[in-house]
Amino acid sequence: MGTKFVRVIFPGSFDPITNGHLDVIHRAMGLFDELIVAVGTSPVKNQLFTPQERVEMIAELIRDLPNVSVESFEGLTVHFAARRKANVILRGLRSLTDVQYEFQLAMTNRAVAGIETVFIMTSEQYGFTSSTLIREIARLGGDLSKLIPPSVCERLRRKLASIA
Ligand code: ADP
């Protein structure tokens with residue numbers, strides 16, 4: 001084996017990024033040479049933030065991490081991985097429910113593109129954090145300060161005010 005350069009992509013919707021996602025990024029960045037956070041732009045998902053807004057929020061938060069970058073992509077994750085010459089897909093796991101879906105996704109990606117997926121388990125305190133719930137709680141005015149960074153909280157507040 002030896003000293004192969006390993007570039008990993010961390011794909012997801014990140015609508016918006018949460019402390020759970022950041023936890024996975026921080027844990028993973030020491031394990032790989034380069035990590036690209038890949039913001040998917042699936043047209044079927046009901047998204048709150050535009051891909052550009054999601055990229056901006058993430059860029060602010062990873063500014064000081066030397067081997068981490070962010071960009072958005074369209075289409076299949078495995079095609080994006082190939083374009084960036086990434087060897088590995090990174091996904092986060094919260095619970096056994098995640099495992100079932102992620103297992104299927106990883107097997108499919110390996111079957112169609114021969115790419116491996118690695119998983120990192122989140123810290124216990126973020127095991128229940130999901131972007132969907134964050135959006136719901138924000139709409140209802142709940143306190144999210146433990147679950148998302150202050151900059152994301154502010155963006156959510158402005159976004160919801162703008163569409164109210
Ligand atoms: P997707 O729509 O592709 O599931 P998400 O933005 O919801 O995108 O999640 C991206 C990745 O981060 C997925 O692997 C998901 O399981 C993981 N993830 C989401 N929330 C957390 C969390 N709180 N802790 C760890 N991993 C998480």
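Sorted by class, the residues in the shell around the ligand come out as five nonpolar, seven polar and five charged. Keep in mind that this is a predicted model. As for where the ligand sits, it fills the space of the largest pocket.

**Who surrounds the ligand**

- There are 17 residues around the ligand, and the ones that come nearest are Ser13, Phe14, Lys45, Gly92 and Tyr126.
- Four elements each chip in at least two residues of that shell: the strands β1 (7–12) and β4 (88–93), plus the helices α1 (19–29) and α4 (96–113).

**Polar contacts to look for**

- Start with Phe14: one of its backbone N or O atoms is 2.9 Å away from an oxygen atom of the ligand.
- Next, try Thr129, where a polar backbone atom lies 3.0 Å from a nitrogen atom of the ligand.
- Arg94 uses its side chain instead: a polar atom there is 3.3 Å from a nitrogen atom of the ligand.
- Taken on its own, the ligand has 550 Å² of accessible area, and the protein covers 89% of that.

**A stop at Ala111**

- You'll find Ala111 in helix α4, one of the elements that supply at least two residues to the ligand's shell.
- Is Ala111 buried or exposed? Ala111 counts as exposed, because its relative accessibility is 68% and the cut-off for exposed is over 50%.
- Ala111 and Gly12 are 99 residues apart along the chain, and their C-alpha atoms are separated by 20 Å.

Key. Residues are numbered from 1 along each chain as its sequence is written. This is a predicted model: local features need pLDDT of at least 70, side-chain atom pairs count only at pLDDT 80 or more; totals for chains, interfaces and linings use all residues. Side-chain values use heavy atoms; hydrogens and water are left out. A residue is near a molecule or strand if one of its heavy atoms lies within 4 Å of it. A polar contact is a pair of N or O atoms within 3.5 Å; within protein, one must be able to donate a hydrogen and the other to accept it, and residues adjacent in sequence count only if both atoms are side-chain atoms. Accessible areas come from the Shrake-Rupley method with a 1.4 Å probe; for residues, only the protein chains shown count as cover. On a 1 Å grid over the protein atoms alone, a cavity is a set of points where a 1.4 Å probe fits but cannot get out, and a pocket is an open set with protein on both sides within 12 Å along at least five of seven lines; lining residues have an atom within 4 Å of a point. A molecule sits in a cavity or pocket if more than half of its atoms lie within 2 Å of its grid points. Ala, Val, Leu, Ile, Met, Phe, Trp, Tyr, Cys and Pro count as nonpolar, Asp, Glu, Lys and Arg as charged, and the others, Gly among them, as polar. Buried means under 20% relative accessible area, exposed over 50%, partly exposed in between (1.4 Å probe, protein chains only).
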